[in-house]
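Please find below a short note on the fold and on the aromatic contacts. The points are numbered for reference.

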Amino acid sequence: MELRTINVIRYITPLREGGSLPALAEADDEFKYVVKFRGAGHGPRMLISELIGGEIARLLGLRVPELVFLNLDEAFGRTEGDEEIQDLLQNSRGLNLGLHYLSGAVTYDPVAVRIEPELASRIVWLDSFLTNIDRTHKNTNLLIWNKELWLIDQGACLYFHYTWTNWKEQALNPFPMISEHVLLPQASLLAEVDQEYRSKLTQEMIREVVELIPDEWLNWDDMQTPQEMREVYWSFLTERLAYSDLFVKEAQDAKAILI
């Protein structure tokens with residue numbers, strides 16, 4: 001498993017609807033990307049969430065824009081007039097993360113578009129597994145592009161890594177916040193999806209995803225090496241997968257209350 005590494009050549013515009021101030025930018029492959037910056041408020045942990053969440057979703061057959069590593073050199077952003085953006089760019093030198101820009105995509109509207117139970121169940125399972133707190137009616141983080149549903153913005157996944165010390169406990173968290181998930185009312189096939197995904201998502205596949213995390217994104221814990229920190233992510237995810245019945249039951253119970 002490998003992500004392409006390309007260079008940002010033009011900053012186009014900030015996307016101020018995102019709390020971490022992502023931006024639309026052009027890279028040297030002539031494509032446009034939504035850039036998530038390592039110098040933003042949540043730092044590289046948000047990029048790690050985006051990377052792991054996006055690539056696991058892709059392995060499970062869900063639609064996610066291509067993820068790439070985006071390099072910012074030292075000179076980039078010096079001519080930017082907005083001081084906040086200039087500081088962000090200067091603090092984000094090195095590797096950042098980009099999502100291929102889906103030009104013309106529209107935000108998913110749960111009132112206007114009904115998602116089939118199988119797809120809804122797959123997304124609810126994924127977000128329960130990843131402890132994604134940010135796919136609600138308020139902010140769906142889903143787009144309709146070419147008449148298909150695409151997942152974006154996995155940066156709110158894996159919130160255990162903001163405390164880091166209690167990952168074993170958090171791996172067994174049933175994730176009660178799934179009750180706020182925008183697709184929960186349609187997710188009537190969770191047991192079937194759980195059986196499929198537990199056989200499909202192997203420990204080796206999770207290892208490959210975790211190994212994608214760059215060393216320079218793993219410099220916020222002086223007590224552990226980057227490889228030791230990757231091991232924590234792998235252990236968290238494999239433990240959570242082994243006990244998926246906990247979060248599946250939580251989601252099923254939450255859905256039953258909605259009926």
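1. Two strands are taken to pair if DSSP finds at least two bridges between them. The coordinates come from a predicted model. In this model, strand β1 (residues 5-14) and strand β2 (residues 23-27) run antiparallel and are joined by five bridges. Arg-10 has Glu-26 of β2 as its bridge partner, and Tyr-11 stands opposite Ala-25 in β2.

2. β1 also pairs with β4, here in the parallel sense and over three bridges. The bridge partner of Thr-5 in β4 is Phe-69. Strands of a sheet pair through backbone hydrogen bonds, either parallel or antiparallel.

3. Both pairings belong in the context of a closed barrel of five strands, which runs β1-β2-β3-β5-β4 with mixed pairing. From one strand to the next the twist averages 55 degrees.

4. Helix α1 (residues 44-59) lies across three strands, β3 (32-36), β4 (67-72) and β5 (94-100). Relative to β4, α1 runs at about 150 degrees.

5. Is helix α3 mostly covered or mostly exposed? It is mostly covered, with 10 of its 13 residues buried. Among them are Ala-120, Ile-123, Val-124, Leu-126 and Phe-129, together with the polar or charged Ser-121, Arg-122, Asp-127 and Ser-128. The cover over the buried residues of α3 includes α1, β7 (142-145), β8, α5 (190-200), α7 and α8.

6. The length of α3 fits expectation: at 1.5 Å a residue, its 13 residues should span 18 Å, and its end C-alpha atoms are 18 Å apart. Just after α3, Thr-131 takes a positive phi of about 50 degrees.

7. The structure holds 12 aromatic pairs. One of them is formed by Trp-125 and Phe-247, whose ring centres are 5.5 Å apart and whose planes meet at 70 degrees; planes over 60 degrees apart count as edge-to-face, so this pair is edge-to-face. The pair links distant parts of the chain, as Trp-125 is in helix α3 (residues 117-129) and Phe-247 in helix α8 (residues 244-258), 122 residues apart. Both rings belong to buried residues: the relative accessible area is 1% for Trp-125 and 2% for Phe-247.

8. A second pair is made by Phe-160 and Tyr-233, with ring centres 5.7 Å apart and planes at 70 degrees, so it is edge-to-face too. Phe-160 lies in the loop between β8 (148-151) and α4 (167-171), and Tyr-233 lies in helix α7 (residues 226-242), so the contact ties together parts that are 73 residues apart in sequence. Phe-160 is buried at 2% relative accessibility, and Tyr-233 is buried at 0%.

9. Which residues form one aromatic cluster with Phe-160 and Tyr-233? The other members are Trp-164, Trp-220 and Phe-236. Trp-220 also has a charge over its ring: the charged end of Arg-45 sits 4.1 Å from the ring centre.

10. Another arginine is placed over a tryptophan ring, namely Arg-207, which lies over the face of Trp-234 at 4.2 Å from the ring centre.

Note on methods: Residues numbered from 1 in each chain as written. Predicted model: local features only at pLDDT ≥ 70, side-chain atom pairs only at ≥ 80, totals over all residues. Heavy atoms only, no water. Phe/Tyr/Trp six-rings, centres within 6.5 Å; stacked < 30°, edge-to-face > 60°. Helix = DSSP H or I, 4+ residues; strand = E, 2+ residues; numbered from the N terminus. Buried < 20%, exposed > 50% of the residue type's maximum accessible area, 1.4 Å probe, protein only. Lys NZ or Arg CZ within 6 Å of the ring centre and 35° of its normal. Axes fitted to C-alpha atoms, helices over the stretch in contact; angles between N-to-C directions. Contact = heavy atoms within 4.5 Å. Expected span 1.5 Å × (residues − 1).
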